[in-house]
Structure formats: structure tokens, C-alpha cells
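Thank you all for coming; I would like to walk you through one structure, beginning with a single residue and then widening the view. Please have a look at the sequence and the model before I go on.

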Amino acid sequence: MSTPEHVEEPVPGDGPLRPSRSVPASRTPASFTRHPAAEAEATGVGRLAATVERLRREIRAAQAAADGRALLELAKGVLIERLQCGPTMAAHQMAALADEAGVSQLELAADIINQAARDHVTEVATDFVSRTSGDTGTADDGASVGVRLRTAESGALAAGDTQAVAQSLLEHALTPLGANAVAVWIAGSDGSLTLAGHAGFTPEEADRWHYVPPGVSTLARQALMERKAVHVASLSAEGLPSIGAAQHPGGGRMAVPAGTGGRVHGILEICWPGRLEPQPPQIVRQVEALAELCAHTLEGLTGVSVSSLSTDWLSRPDLSELVDLAEGLYDPALVLTPHLGPDGVLVDFRIHHVNSHFVDPAGRPRNAVSGALLLEAYPMAVGGSELFEEIERVFATGRPFRAQRMTLTALVDQVPLAAVADISVSRHGSSVLLIWRVEDEAARLAHLLQHAQRLGRIGGFEENIATGEITWNDQLFDLYGRPHTSPPVPLEALSSHAHPDDAVAIGRFLRAVLHHRRAASAAFRLQRPDGITRHMRVIAEPVLDAHHRLLAVRGAYQDISAQHWTEVALAATRDQLAHTEQQAAERNRLTLQLQHAIMPPAHALPLDSPGLQIAVRYRPAESESMVGGDWYDAVVLPSKQIMLCVGDVAGHGIEAATSMVVLRNAMRGLAVTGAGPAQLLSWLNVVAHHLTDHVTATAVCGLYDPEKHTLRWARAGHLPPVLIRGRKATPLRTVSGILLGALAEASYEEDELQMDPGDTLLMYTDGLVERRDEAVQDSLAQLLAHARIPSATLEQQLDGLLTHSTSDTDDDTCLIGVRVV
């Protein structure tokens, strides 16, 4: 009886990882239909895809088995050596030990290799076990770490190229850590990076990033320059370009230097699909162990074997060329070779060779320094400075180091001695060449002197009187405009190269130096061969022997052309300024004379008018340059009426004063016609607009009738008069009227004031009330307050108003007072 076939029936509610129960085929409902995937599998394409997938699984299993067999065979070899037995006995022993320990033979093999090797991989696995045994992990986790790392190591050592190494690292060691891609870079001596192997990236992306030139800032370059592991949580957040940035945009990255013996051969860059948080120390140590595995692979590509670092450097053939190079230098040089500690870490550099130009600061012979360790021979020169760090960096990365004016300190007789030197450090193969040039004080001062002569346009010379030999420096040839190969010009021939008018001054200079034997100087115009004339100054002093005989003359030439033309320009400017000041003073003097001739600042005599007192005050500007066009007039007309006028012409100086004379005289001439104030201002506007050079002015005009005690008045843009009646002072009503000269034709409004005995009328210009930081209305209010103060006479009242005037514009002031008695 045959066993019925079964099909897998999923348990309701179970997830994809839950077990399913078996259902007999005879109990399968007839209504069950075949899934579309099953339909595809039944076709030829489905069967082919299933076959490919099955073969892929078999290949992966075969590769894993091969890697496992490599570990087993390596462990068997350890047992054969330790137990002194054959391969068969070693295999039986491994099987028995695995059964007793309750572990697989693969885990036992990794443990045996770890115990025998005691290398970095062993330390990582042991550290992981110690950290996880009391935490969430178990000892099996440590065993799995050892298996993964040893499997990756065996795959890397058995791989034929770096590409296979990268794939082995990703498959056996990095995928369990969550990584999905890896890149192995070779570091060039110029700071470039070359992609040696990769896994997890597309071929197109790898081809695009096969070479990164120097200067491109990537995560791998950052790890190379800093010589330490660099971690970023998200590559896109950091904005660093790197391989696979578009393929894994938000993934985390870790770049670890892959080096041995202090030398960085390349960079191991690992990519995670998501954000990478800071990793625990045991994971970081696993990654460092993998980078060390990469370093062994990259040794063959960079041409340096890590095992050779522990051999005798004196017998290395590749150092002979570097020693010959050091001997060919004119500066002191050291050939340094790396010195490793027991753990294979770079701790110092051994001085393999010192060249013939080397002088030890402590006075030790060259053979005493050669062969010593750098930090032991010169602890103060490199131990406490950045020089040793730079030597380490050059040896690690191959990138040369150059520095100018670097301070080096040596210990001489227990006293630190500092020197300033230019440093050059470069790597040649597996060695480092250190070159320095100590800055000589005399050379430094000479260098500074050359710069000072160039900036000051100074050239030096020395002339031997006995032999006739003349020495010029390069700057003096340039000043003379002569080629450096031409003969220098002797002092006695100086006149032939100078302007003829300077022959007397040059002759006086030569007699003082050559005959009277004393230092002297002279200024002359040098006529150069290129046709350019330069203003020069020559300074020379004689050199005498013990018997006061002239041996030589030394001195210097200086180009003072810029100074000469500056002095000429300053002199011309001073002359022009003096002339301008003289003209301004003359104009101001004429303006003041013209103004005083018409309106003397002394008190005017009272007019002969019954029943009326008239007083006038004129205060000129404090500064002569501010003399303006203020004017006043009080005259008795043929009609016995009294004309009272006050005006102010815009501007200052002679133009304003002459315009004031024109308007004042025109007003007097027009007043004899008997016209009223409005008509007089209208005619005066025509005069200002047509008969003068675009003059504008303000004015107020009044005609007082002594018989009727009335005042007819009009204004042209001027402040209205102020009436003082009793203890009250008020300005008159503002009548309309535009300022004079603004329009070709203008009409003015006229008003009439009936004055009583005791009334006082004030007419003034704006110089009485104007202030720079105050409105006119506020100043006018202060004037009215002072005007209310009673005074015994009209003269005293006007004097008081001028005294208490708050004006600060430094302008002219005209004031007319009229009091009815």
C-alpha cells in the first residue's frame, strides 16, 4: 500500500516564518487551483529559472565548504605539528575534540588557529567573547566571529587579486555586520586613490570611480590624511562624494586605513544600506582586523612587504640610490628607515645615513649619529614638535612635507639651542629623506638689505682709488638703466651722465669727497641711456688709511624722483592756495567796503520828522566771507511821507552786495513817483528779474503818513513787521506777496495800519531770528517776548533786541524801529 502524498497547508494566522502542517493530497479540495507562479514554474522558463537558482545555491554552498575545508586543513596542520602525528590521526583527533566540546569542527578549527596564531584576529575574537559573555551575547558569538574572520582571512590569502579579496570580505565578514558594499583603495604617493577591488557596487559605478586624483575630498581621502578610521552616519548628510553615493544615498560609511608597520597602503571603505550609528568597540576592532587583512594583499601592489620591515636595513639594496642622492645634496640630510616595536607598530625612525654636509649640534661624530634612533638622538628637535608627526605622515601616506622657517631645538651641553630652518621630508620606497637648511643670520640680513634697497630704490657702490676697480650692486645698474654686463660709471665721470645745469653741484660734491676727504651728498638729474631723466641723490664717504691717505670711496645712489615731484606738486599747491586766499580776502574786503559805504555800522542819525522817532541798527556778519546782501533804508520823500524799507538778497559775497546796491537805489528812485508800497514792490520785482543776473530777494516796504499817522505797507516774501502797543507785541497780518525776482511779473497785496501815540513798529531781516537748530516760529516767539519789555528810549529798545538775539547763522542783521510820539 503506497503512502499518500502530502502538500503543505499554511496554518491560519501564522507569519511567513511559522511552521506549516502537512495535508494529505487525497484530502486536497478539488476547488484548489494552481497559483500563477506554479503555472510559470510548470513552463520551460520557470524550470530554467529554478535550475539556475539551485545551481547558484550549490555554488555558494561549495564555496562555503571550500572555505571551511581551508580552515579545517589549517587547523589539522597545527595539530600535526603539535601532536607529531599524521593527517589521519589529526582528523580523528579534531572530530573527537569537537564531540567532547559540543561544537562544530569548523568552530573548533577557528579556535585552534586562534590559539596558535595569537594575532590581531585572535584578539578581536577573544575581546568579543569577553564583552558578550556577560551581556546579551554568548560565547558562541565569539566563536562565530572567529570563524567569520578566519574564513575571510583564508579567502583573502587564497584570492588571486584584490577584487576577490573584497568579495570574500563582504561575503564572510561584513555581511553579518549589516554591510552591503565594500571598496578597497590603493593610496598613491601623490595622495591619489585607485580602486583595487570592490563588491556590492555596479560595474559602471566602479569604472567611474576607478581613480580619484589628488585634491578631491572623499571619505577615503579623509581617512588617509588623518590616518585613522572615519565614520559618517549618512553619506548624503555629510555631502562627501564617494563611490556608490547615488546607489546608496542615505547609507552610512566607514573608512579605515589599511596599513602595516606605520605605512598606509590603502583604505578599506565599507557601506551600510541605512543610517549608521556609532559602532561598539568590538565591531570597530573587527573592521580594523579586516583592514589589516587588506594591507597584506595591498603590499604586493605597492611594492613593499611588511615582513621586510623587520629585516636588517643596512643590507637593503634599494637604499644605496637614496644614500647617493643624499650625498649629492649641498644641504644636511638624513636617510631614515622605520623602526617597529614588538607588536609591529611604528615607534621611531632609525638614522640609516647622514650625508657629508651634516654637522651634529652636540659635536658628535657622524658615525655616532648614524644608526641611532631619531627620537633618542634628537629628542628636543622632533619629540616635542610637529616634525616627527610630519615624518610619520609622510612615511604613511607618501605625501611630501615642505615648511619654511621652522624652529628646531637641539640640546647642546644641557642647554637648548634653537635654530630656524627650511624643512623638506619625502618618502622614497620604504625610507624617508629628511633635508633641512639652517637660516644663516648673515645671509638673512643680506637678504633683508636687498629688499630694503629695492623698496627704497637705493644702489650701493665702492670705488678703489688705487686700482680704479669699481663695484656696483645690481640695484645700481637698474637705477642707471644700464645692463649688468656694462662697466660701472666712475665718480669723476658723473657729470657726463647728468643734466648740464647740475655740473656745479656735482663738482662741489666731488671736491668735498676726493680732495677734502669728507663725506658729502648732492642731488642731480640723471640722464639715462633710454632717454628717461631721474632725480637722484648721491651720498659718499672716503675710506682712509692710517696716514690719512685716500684708499677708496663707498656710497649709495637713491632715486628721489617721486619725492621731487611730490615736493614740486606741494609747492605748486601751496602757491595756488595762497593766491586763492589772497583773492578771497580781497573780494571780502571790497564787499565789506561797499556795504559799509552804503550802510555804515555806526548808529544813523534820527530823521527830521515831527511826531515820529526812527532808529536804525545794522550788525554785519562776524565772518568776512559771510558778508551778505541785507539792506535797509529810511528816507523822507518829496510828499513828506517817510519810506521805510528792509530787504535781504540771497547769497553772500561781492555778488550779493552789488545786487543789494542795485535794489536799494532802484527802490529810492521808484519811490519819488508817489506810488504805493505794493506798486513799488511790483516794479522792484521787474528790476530783480530783468535788470540783474537772476537775483532773488525778500523785502518789506512801508510808507508812513505823519499827518494821518497811518502806515501803508506790503511784503515780498519777507517776515511781516512787529507792532508793539503797550505791553503787547504782535506781528502784523501776513499779506500775500512772492519774493522778488522769482517771476517776470508779480502783484502784491497792500495793507494799512493806524498807529497811535506810543506805538512802536519793528522791521528786521531774518538774521535777527534765524537759528540752525530751531524753527523760525520759535525764534520769533522769543523776539516778541523781549519786545514786550518796556524801554526808556527807542535806541535802548533796539540795542536790547540785538543783545538778546538768539540768531547763530552768522548772517547780517538789519533792524528799523519807528515810534509815534
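**Starting from L550**

L550 has a relative accessibility of 17% and therefore counts as buried, where buried means under 20% relative accessible area, exposed means over 50% and partly exposed lies in between, with a 1.4 Å probe and protein chains only. I should say early that this is a predicted model, in which local features need pLDDT of at least 70 and side-chain atom pairs count only at pLDDT 80 or more, while totals for chains, interfaces and linings use all residues. Residues are numbered from 1 along each chain as its sequence is written, and side-chain values use heavy atoms, with hydrogens and water left out.

L550 sits in strand β18, residues 550-559; helices (H or I, at least four residues) and strands (E, at least two) are DSSP runs, numbered from the N terminus. Leaving out residues up to four places away in sequence, L550 touches I465, L514, R517, P542, V543 and L544, contact being heavy atoms within 4.5 Å. The C-alpha atoms of L550 and N464 are separated by 9.2 Å, although these two residues are 86 apart along the chain.

Let me turn to the chain as a whole. It has 821 residues, of which 43% count as buried, and its secondary structure comes to 24 helices and 28 strands.

Next comes the largest nonpolar core, which has 30 residues; such a core is a set of buried Ala, Val, Leu, Ile, Met, Phe, Trp, Tyr and Cys residues joined through side-chain atoms within 4.5 Å. Which members touch the most others? They are M643, L663, M667 and L681. Helix α21 gives the most to this core, with seven residues. Not counting neighbours within four places in sequence, L663 is in contact with W631, V649, L684, V687, A688 and A697.

How, then, does α21 meet α22? In their contact, V662, L663, A666, M667, L670 and A671 in α21 meet L680, L681, W683, L684, V687 and A688 in α22, and these residues divide into 12 nonpolar, no polar and no charged, with Ala, Val, Leu, Ile, Met, Phe, Trp, Tyr, Cys and Pro counted as nonpolar, Asp, Glu, Lys and Arg as charged, and the others, Gly among them, as polar.

Finally, in helix α16, residues 387-397, 10 of the 11 residues are buried, and just after α16, G398 takes a positive phi of about 85°.
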